[in-house]
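Student: I would like a close look at one part of this model, namely the sheets, and then at what is found around them. Please take the strands in turn and relate the other features to them where that can be done.

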Amino acid sequence: MKVGLLTNVGPKATDFYLSRMPQVVSYDLNLYFIAFGLQFKRMRFIKEELEDGAKELKKSGCTHAAIACFSLQERARKIFIKNELIPIDVRDNDIGKEKFGVLGTSWVQKVFCGEKGFFNFDEMVLPLLSEQKQIDKIIFDTLIENDPTKEQLDFLQECIDGMKNRGAEKIIIGCTDLTFVSKMNGNFINLPEIHVNQIAELMK
């Protein structure tokens with residue numbers, strides 16, 4: 001078994017994954033194409049990058065593949081299968097049945113729901129719409145290598161506290177570029193950490 005990983009969808013996510021799995025076969029996507037596609041909903045740019053990445057992993061002899069970005073996980077999964085790669089999907093993990101809050105991009109909320117998701121929308125506690133727009137902006141800023149400011153960290157903590165006050169028993173860190181949130185005040189499920197462990201276990 002040989003595992004490939006699509007990386008460079010944000011420097012924090014890339015560092016987090018590769019520092020724990022230096023032996024994985026990695027392929028860097030074009031961050032600017034991905035960021036442009038996400039911000040302006042130009043899916044052609046994203047699809048082409050994922051297609052190129054999957055083909056390169058296949059050429060390298062990989063049998064399994066993952067992507068260090070939860071927002072693109074469903075799109076990547078379909079492209080991996082098309083290129084005869086077995087997807088390593090974080091959604092295959094059992095994270096329990098509590099009432100969860102979700103901290104991530106607005107895209108992640110859709111990826112984590114439905115037939116392949118963890119839960120249905122009525123089982124989630126989400127940030128307020130006005131908060132989600134700011135969360136998306138903070139995540140986009142981290143893609144361009146900016147560290148979050150104190151004001152941004154304080155804002156994220158307010159969002160976490162707000163979801164807890166609205167009934168969330170645990171907060172899912174649902175973005176690979178938000179791993180720093182695990183050091184904040186809250187009861188977290190660190191999904192990037194779970195995904196890394198899932199991949200590492202297959203590589204043993």
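Tutor: What follows goes through the two sheets, then the cavity and the pocket, and then some single residues. The model is predicted, and the description should be read with that in mind.

One open sheet has four strands in the order 2-1-3-4, and its pairing is parallel. Strand 2 (25–28) and strand 4 (86–87) are the edge strands, each pairing on one side only. Strand 1 (residues 3–7) runs parallel to strand 2 and is joined to it by four bridges. Within strand 2, D28 is the residue that stands opposite T7. Between strand 1 and helix 1 (11–20) there is a loop, and N8 is placed in it. N8 is not a glycine, yet its phi is positive, near 75°. With a relative accessible area of 23%, N8 is partly exposed.

Another loop, the one between helix 4 and strand 4, holds E84. The phi of E84 is also positive, about 60°, and E84 is not a glycine either. E84 counts as exposed, because its relative accessibility of 60% is over the 50% cut-off.

The other open sheet also has four strands, here in the order 6-5-7-8, again with parallel pairing. Strand 6 (124–125) and strand 8 (188–190) stand at its edges with a single partner strand each, so each has one side without a neighbour in the sheet. Strand 5 (residues 100–103) and strand 7 (residues 170–173) run parallel and are joined by four bridges. V102 has I172 of strand 7 as its bridge partner. Strand 5 is also joined to strand 6, by two bridges, and these strands run parallel as well. On that side G101 stands opposite V125 of strand 6. The residues of strand 5 point in two directions: F100 and V102 go one way, G101 and L103 the other, and all of them are buried.

The cavity comes next. A search of the whole structure gives one cavity of 30 Å³ or more, and the volume of this largest cavity is about 40 Å³. Its lining consists of A65, A66, I67, Q73, A76, R77, F80, P87, I88 and D89. Strand 3 (64–67) and helix 4 (73–82) each supply at least two residues of that lining. Helix 4 gives the most, with four residues. By class, the lining of this cavity holds seven nonpolar residues, one polar residue and two charged residues.

The largest pocket has a volume of about 600 Å³. Its lining is made up of 22 residues, and L38, T105, S106, W107 and D136 are those nearest its centre. Four helices each supply at least two residues to this lining: helix 2 (31–40), helix 4, helix 5 (106–111) and helix 6 (129–143). Helix 4 therefore has a part in the lining of the largest cavity and in that of the largest pocket, with the helices taken as DSSP runs. Helix 6 has the largest share of the pocket lining, six residues. The classes in the pocket lining are nine nonpolar, five polar and eight charged.

Some side chains with rings remain. There are two aromatic pairs in the count. One of them is formed by F16 and Y17, an edge-to-face pair with 6.0 Å from centre to centre and 75° between the planes. Both F16 and Y17 are buried. Elsewhere, R44 lies over the face of F45, at 4.7 Å from the ring centre.

The last residue is P192, which lies in helix 8 (residues 191–203). P192 counts as buried, because its relative accessibility is 0%. From P192 to M43 the separation is 149 residues in sequence, and the C-alpha atoms of P192 and M43 are 24 Å apart in space.

Notes. Residues are numbered from 1 along each chain as its sequence is written. This is a predicted model: local features need pLDDT of at least 70, side-chain atom pairs count only at pLDDT 80 or more; totals for chains, interfaces and linings use all residues. Side-chain values use heavy atoms; hydrogens and water are left out. On a 1 Å grid over the protein atoms alone, a cavity is a set of points where a 1.4 Å probe fits but cannot get out, and a pocket is an open set with protein on both sides within 12 Å along at least five of seven lines; lining residues have an atom within 4 Å of a point. Grid points are joined across faces, edges and corners, and a volume is the space filled by probe spheres set on the points. Ala, Val, Leu, Ile, Met, Phe, Trp, Tyr, Cys and Pro count as nonpolar, Asp, Glu, Lys and Arg as charged, and the others, Gly among them, as polar. Rings of Phe, Tyr and Trp (its six-membered ring) pair if their centres lie within 6.5 Å; planes under 30 degrees apart count as stacked, over 60 as edge-to-face and the rest as tilted. Buried means under 20% relative accessible area, exposed over 50%, partly exposed in between (1.4 Å probe, protein chains only). A charge sits over a ring if NZ of Lys or CZ of Arg is within 6 Å of the ring centre and within 35 degrees of the ring normal. Two strands pair if DSSP finds at least two bridges between them.
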